Amino acid sequence: MVHRALVERVWQLTDDVDTVGYAHSVDEAIADASAGDGVALLLRPTPVAAVAAVAAVGARMPRKSTLFTPKPASGLVMRRLADQHG
């Protein structure tokens, strides 16, 4: 709704990384909006069931609508304890 109706139709903006940003906290969103004379939209996280339903019909979610945290650190390697020898 935000991407299609508000960003593209009402504000007539391109939904790309240079125009629409994303923040991980309320404070960050407000600071970013204030710094750039922008607007901060505070949205609830997308429910996992909604993501699964969209994926089940082969559709894609809007950019960053599946930004979940916490995430494993990049380069994190995991190994099962059962694989340990010795």
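**Stop 1: the salt bridge**

How many salt bridges does a search of the whole structure find? The answer is 1, and in this predicted model you can go straight to it. Select Glu-8 and Arg-4 and show their side chains: they meet in a salt bridge, with 3.3 Å from N to O. That counts because the cut-off for a salt bridge is 4 Å between a side-chain nitrogen of Lys or Arg and a carboxyl oxygen of Asp or Glu.

Now colour residues 2–10, which form helix α1. Both partners of the salt bridge sit in this helix, 4 residues apart, or about one turn. Are they buried or exposed? Glu-8 is partly exposed, with a relative accessible area of 33%, and Arg-4 is partly exposed too, at 48%.

**Stop 2: zoom out**

Switch to a cartoon view and follow the chain from the N terminus. The order of elements is α-α-α, so you'll find 3 helices and 0 strands, helices and strands being taken from DSSP runs.

Try colouring by pLDDT, the confidence score. The protein has a mean of 82, and 87% of its residues reach 70 or more. Which of the elements has the highest mean pLDDT, and which the lowest? Helix α2 takes the top place with 93, while α1 has the lowest mean, 84.

While you're zoomed out, show the surface. The accessible surface of the protein comes to about 7500 Å², and carbon and sulfur atoms account for 57% of that. Of the 86 residues, 9% are buried. Contacts tell you something about the fold as well: take those between residues at least 6 apart in sequence, and 36% of them join residues at least 24 apart.

**Stop 3: a nonpolar patch**

Keep the surface on and select Val-10, Trp-11, Leu-13, Val-39, Leu-41 and Leu-43. Together they make a nonpolar surface patch of about 570 Å².

Click on Leu-43, one member of this patch. You've landed in the loop between α2 (26–35) and α3 (48–56). Why does Leu-43 count as exposed? Its relative accessibility is 60%, and the cut-off for exposed is over 50%.

**Stop 4: two unusual backbone angles**

Here's a bit of background before you click: most residues other than glycine have a negative phi.

Select Gln-12, in the loop between α1 and α2. What is special about the phi of Gln-12? The angle is positive, near 50 degrees, in a residue other than glycine. Gln-12 is exposed, with a relative accessible area of 66%.

Then jump to the loop between α2 and α3 and pick Asp-37. Asp-37 isn't a glycine either, yet its phi is positive at about 50 degrees. Asp-37 is exposed, and its relative accessible area is 77%.

**Stop 5: two distances to draw**

Time for the distance tool. Start with Asp-32 in helix α2, a partly exposed residue at 45% relative accessibility. Draw a line from the C-alpha of Asp-32 to the C-alpha of Tyr-22: the two residues are 10 apart along the chain, and your line should read 9.1 Å.

Next, find Pro-47 in the loop between α2 and α3. Pro-47 is exposed, with a relative accessible area of 51%. How far is Pro-47 from Ser-65, C-alpha to C-alpha? The gap in space is 9.9 Å, while the pair are 18 residues apart in sequence.

**Stop 6: Val-54 and its contacts**

Last click: Val-54, in helix α3. Is Val-54 buried, exposed or in between? It's partly exposed, with a relative accessible area of 23%, because buried would need a value under 20%.

Now select what Val-54 touches. Which residues are in contact with Val-54, leaving aside its neighbours within four places in sequence? You should pick up Ala-59, Arg-60 and Met-61. Show those side chains alongside Val-54 and have a look around.

Definitions and conventions:
Residues numbered from 1 in each chain as written. Predicted model: local features only at pLDDT ≥ 70, side-chain atom pairs only at ≥ 80, totals over all residues. Heavy atoms only, no water. Helix = DSSP H or I, 4+ residues; strand = E, 2+ residues; numbered from the N terminus. Buried < 20%, exposed > 50% of the residue type's maximum accessible area, 1.4 Å probe, protein only. Patch = residues over 30% accessible without salt bridge, like charges linked within 9 Å, V, L, I, M, F, W, Y side chains within 5 Å. Areas by Shrake-Rupley, 256 points an atom, 1.4 Å probe, with all protein chains shown as cover. Contact = heavy atoms within 4.5 Å. pLDDT = per-residue confidence, 0-100.
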